[in-house]
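Student: I'd like to go through this structure label by label and hear the reasoning behind each one. Can we do that?

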Amino acid sequence: MARTIGSHGPKTMEAIRKAGLRLIFEHGYAAMSLRQLAAEVGIQSGSLYNHISTKQELLFDLVRDHINELLRQLDRALQGKQQPSDKLRAFTAFHVTYHMTKKREVFIANSELRSLEPKNYEEIVALRGAYEQRLAAILAEGVAEGEFEVVDIQVATFAILALLTGLTTWYRPGGRLTKEAIVAAHEKLVLSSVAPAGAPDRASPRTPSPLGGLERR
């Protein structure tokens with residue numbers, strides 16, 4: 001590939017990150033070479049070392065930045081929410097919406113966790129634990145205040161996250177349901193799963209039916 005950009009500066013680093021994200025997503029971390037990455041960006045292989053020291057560094061930075069951004073945006077989404085049910089609804093809406101638009105980042109953060117070196121692995125697991133703890137704290141607060149009925153907080157946390165993150169395996173833009181309908185459906189699933197027996201349905205106060213807005217294309 002002809003050289004298309006300079007080998008220095010933030011624009012080159014951003015191009016390296018974008019190309020690395022796509023190549024790892026499409027081919028896997030083990031199969032991607034630095035030579036291939038350099039060709040994709042349009043620079044000489046040696047110029048990569050002006051920006052990254054190893055392929056491992058690139059993977060670690062991509063995964064770490066993804067989870068840190070996830071945490072930052074979640075904390076903003078939860079601001080101003082007082083009741084546990086409102087926090088859980090906000091958590092669900094944020095997680096689903098974010099994962100609709102970050103398919104590559106989510107896939108790599110999950111599938112390439114095994115490719116991280118031990119020190120990097122430990123740091124990423126700690127960050128993932130911080131995100132999980134946000135949800136666990138919401139569930140625990142809801143149980144303490146009598147809003148939720150949960151047999152085991154940790155099991156419920158992992159089950160809810162698995163349900164919400166599973167969307168990345170089947171969601172495609174322009175499908176039968178609008179994004180809003182998909183979010184509302186997940187809100188109803190999550191809120192109803194922790195509601196005490198006989199409690200009124202508080203899953204989605206915005207619309208009478210979470211599947212009301214259907215797209216047929």
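Tutor: Sure, what follows takes the labels in turn and sets the values against the cut-offs.

Tutor: Keep in mind that this is a predicted model. Let's start with the rings: the whole structure has three aromatic pairs.

Student: What makes Phe91 and Tyr131 an aromatic pair, and why is the pair called tilted?

Tutor: The ring centres are 5.4 Å apart, and the limit for a pair is 6.5 Å. The planes make an angle of 40°; under 30 degrees would be stacked and over 60 edge-to-face, so this one is tilted.

Student: Which helices does that pair tie together?

Tutor: Phe91 sits in helix H4 (residues 84–101) and Tyr131 in helix H6 (residues 118–144), so the contact joins parts 40 residues apart in sequence. Both Phe91 and Tyr131 are buried.

Student: What makes Phe94 and Tyr98 a tilted pair?

Tutor: Run the check again: 5.5 Å between centres and 40° between planes, with 6.5 Å as the limit for pairing and 30 to 60 degrees left for tilted. Phe94 and Tyr98 are four residues apart in H4, about one helical turn.

Student: Why are Phe94 and Tyr98 called buried?

Tutor: The cut-off is under 20% relative accessible area. Phe94 has 10% and Tyr98 has 6%, so both labels hold.

Student: How do you know that H4 has the span expected of a helix?

Tutor: At 1.5 Å a residue, its 18 residues should span 26 Å, and the end C-alpha atoms are 26 Å apart, so the two agree. H4 is also mostly covered, with 14 of its 18 residues buried.

Student: What puts Lys55 over the face of Tyr29?

Tutor: Lys55 lies 4.5 Å from the ring centre of Tyr29, and the distance limit is 6 Å.

Student: On to charges. How many salt bridges are there?

Tutor: The count is nine.

Student: What makes Arg22 and Glu26 a salt bridge?

Tutor: Their closest N and O atoms are 2.8 Å apart, and the limit is 4 Å, so the label fits. Arg22 and Glu26 are four residues apart in helix H1 (residues 10–27), about one helical turn. In general, an α-helix has 3.6 residues a turn, so residues three or four places apart point the same way.

Student: Which other residue meets Arg22 in a salt bridge?

Tutor: Glu40 does, at 2.1 Å from N to O. That pair links distant parts of the chain, with Glu40 in helix H2 (residues 34–41) and Arg22 in H1, 18 residues apart.

Student: Why are Glu26 and Glu40 called partly exposed?

Tutor: Glu26 comes out at 41% and Glu40 at 31%. Partly exposed is the range between 20% and 50%, so both belong there.

Student: How do you know that Arg72 and Glu69 form a salt bridge?

Tutor: The closest N and O atoms are 2.8 Å apart, against that limit of 4 Å. Arg72 and Glu69 are three residues apart in helix H3 (residues 55–78), about one helical turn. Arg72, at 45%, and Glu69, at 24%, are both partly exposed.

Student: Which residues are linked in a network of salt bridges?

Tutor: Arg17, Asp61, Arg64 and Asp65.

Student: Where does the "DNA-binding region" label come from?

Tutor: It is a UniProt annotation from an unreviewed entry, covering residues 33–52. In the model, that span is 40% helix and 0% strand, with its end C-alpha atoms 13 Å apart.

Note on methods: Residues numbered from 1 in each chain as written. Predicted model: local features only at pLDDT ≥ 70, side-chain atom pairs only at ≥ 80, totals over all residues. Heavy atoms only, no water. Phe/Tyr/Trp six-rings, centres within 6.5 Å; stacked < 30°, edge-to-face > 60°. Helix = DSSP H or I, 4+ residues; strand = E, 2+ residues; numbered from the N terminus. Buried < 20%, exposed > 50% of the residue type's maximum accessible area, 1.4 Å probe, protein only. Lys NZ or Arg CZ within 6 Å of the ring centre and 35° of its normal. UniProt positions renumbered as here; feature names shortened; annotations may be inferred. Expected span 1.5 Å × (residues − 1). Salt bridge = Lys/Arg side-chain N within 4 Å of Asp/Glu carboxyl O.
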